[in-house]
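Here are some short exercises to work through with the model open beside you. Try each task before you read its solution.

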Amino acid sequence: MTQDADILIVGGGLNGPALALALAQGGLSVAVVDARPAQSRAEERFDGRAYALALASVRVLQALGLWSGLRAKAQPIHGIRASQGHAGQGPSPLMLGFDSSEIEEGVMGQMIEDRHLYAAFLDAMQAADGVTLHSGARVVAQETGPQGASLTLADGRVLRGRMIVGCDGRDSATAQRAGIKRWGWDYGQTGLVCAISHERPHEGIAHQFFMPPGPLAILPLPGNRSSIVWSEKHATAEAIGRLTEAEYLEVLRPRFGDFLGEIALEGQRFAYPLRLTVAESFVAERLALVGDAAHGVHPIAGQGLNLGLRDVAALAEVLIEAQRRGEDIAAIDVLERYQEWRRFDVVRMALGMDGVNRLFSNGNPVMELIRGLGLGAVNAVPQLRRYFIREAAGLNAAEPKLMQGERV
Amino acid sequence: MSSTIDPAEVAKFETMAADWWDPHGKFKPLHMLNPCRLDYITTQIAAEFGRDLSKPRPFEGLRLLDIGCGGGLLSEPMARLGAEVIGADAAERNIPVAQVHAQQSGLEIDYRHTTAEDLAAAGERFDVVLNMEVVEHVADPLAYLTACHDLLKTGGLMICSTLNRNPKSYAMAIFGAEVVMRWLPKGTHDWSKFITPDELYQLIRDAGLDPVDRKGMVFNPVFWRWSLSERDLSVNYVTASIRRD
């Protein structure tokens, strides 16, 4: 059987290209099938989307050789402030503060805009030996068997390889075609994302306000700009979605007070219904799921992409090591090593993040008192604080090599 | 077929030769141990013959013999890495099983129903001889290791793994693996035939080979996987030896 590539990746978002580059670095050949045309995803204009990269994720980008080109375009996060608040009152006095000086690793993370990150991936894929990008191509069928796997594209082409990796998001068609079921629930909330410019500098501090309708995060971007992530009940979010820009800003302003001065919208507004969705299995015959295709978590702390890159690093390491041992890289016992490595971490993170969100999304005054005590307690115990900081920076789980900034 | 293999031992394995390749089946313990064994084998071969494991087919040009190849759990990876592989097994039933699977994997492997002694007598010579979990099953270990020596070209490498003989190995390999976990059928191993690392080094030297490395293979019950250990050779261990003459 002639083969187009060792690994067939479905999905050209961020995890797909990251995995392709990591595998190619390890000597495996990769075909990436991306439904969207390449140029539409590499637009120079800022569309308002940005990511909070945990330190470990930055290391992955370093190991893939992308970070040197991205560093100047990123905003380091020097600290995180978390507090409770009521809509209309702005944040209550500081309850919980994390500072990068408390962990040895320096900055806690980096903010990077989607346009810069994606463009870097696109350039690197074009330059990499062993990566073929099929842009504007849609997968209509997939097949796996004891000897290999294949993808059929909408234009009739068939790509053959040793296995398929689904990096196609939380509604992963790859997982559906493989008959992998999902569990999870709807949070009854919609995540609202936008970018703003503001009068005063943010000093590289990220803010997280726990409000009764849901958490709101202000994440610093280069210059006097910030990325805003907040959540509202579906109905409220829909109403907010219909507002004009001026009205939208009127709703946003009281939610975080005036510490950044006057604000204005930059780029588009985005709305994502918040659902927790975890695939019942991350692997099947000659198939693996990565990122949101395996697990879509509540984006409360920007953990979606960070968890995805952790999957990328783990799967790349498992496959490259198997290749170097001479194993069949797509044998089920090889793929199960990836699943075992990632599943516990993902479920813990999904449930942990969910717990934090539920704890803080409640208008009950008694709950509020407990929340206050809970936050106060975390603030008072140094070990717990360090644990939370390291967790937010992604430094606590067993690390794949790429997550330590090392090539496999 | 002249053989040093104890016929009673061969019979035991013949009863186990059916589903070699199911990682959750009868041979699950071997599948679990395999990545650890392969890590050792590939690293030793790469070091001895100056090969780069990050390159495609790094073992191209090496002639390799896998003694006691069973279903081909080691032969197939070696062929995938580019070696010319001869898989030998004294249990006739294993040969067609291994052949069918190699074909499914698209690999060319020469599987033969034969023994190390017969191959040596026929004048076959190899760059690498894999001698994994075999020596504890043979009737005369020194005669067997001498045949392994004869099978190597000058500068050739033998990888030999076996089980240590002490109370812990009895508890783990016999009581643990056969009785409690039922990973292996009862009677798979005869503890009195287990060999200590020092005894094995002496046997290897007596057979005319130069032992150069030994490491433990340790099962971690928390992570449920095997890993190599510099110090802990108390149960499973693996050695590398060179033919100098």
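**Exercise 1. Find the handedness of the crossing of α1(A) and α5(A), then its angle and contacts.**

Step 1. The crossing is left-handed, meaning that the near helix is turned anticlockwise from the far one by less than a right angle.
Step 2. The axes of α1 (residues 15-25) and α5 (residues 114-127) of chain A come within 10 Å and cross at roughly 35 degrees. Axes are lines fitted to C-alpha atoms, for helices over the stretch in contact, and angles run from 0 to 180 degrees between N-to-C directions. Helices are DSSP runs (H or I, at least four residues) and strands likewise (E, at least two), numbered from the N terminus.
Step 3. From α1(A), A:P17, A:A18, A:A20 and A:L21 meet A:F121, A:A124 and A:M125 of α5(A); contact means C-beta atoms, placed from the backbone, within 7 Å.

This is a predicted model: local features need pLDDT of at least 70 and side-chain atom pairs pLDDT 80 or more, while totals for chains, interfaces and linings use all residues. Residues are numbered from 1 along each chain as its sequence is written, with chains lettered from A and ligands numbered from 1 in the order written.

**Exercise 2. Which strands of the β3-β8-β4 sheet in chain A stand at the edges?**

Step 1. The sheet is open, with three strands in antiparallel pairing; a pair needs at least two DSSP bridges.
Step 2. β3 (50-54) and β4 (75-77) of chain A each have a single partner strand, so they are the edges.
Step 3. β3(A) pairs with β8(A) (residues 109-113) over five bridges, and A:A50 has A:E113 as its bridge partner.

Terms used:
Two residues are in contact if their C-beta atoms, placed from the backbone, lie within 7 Å.
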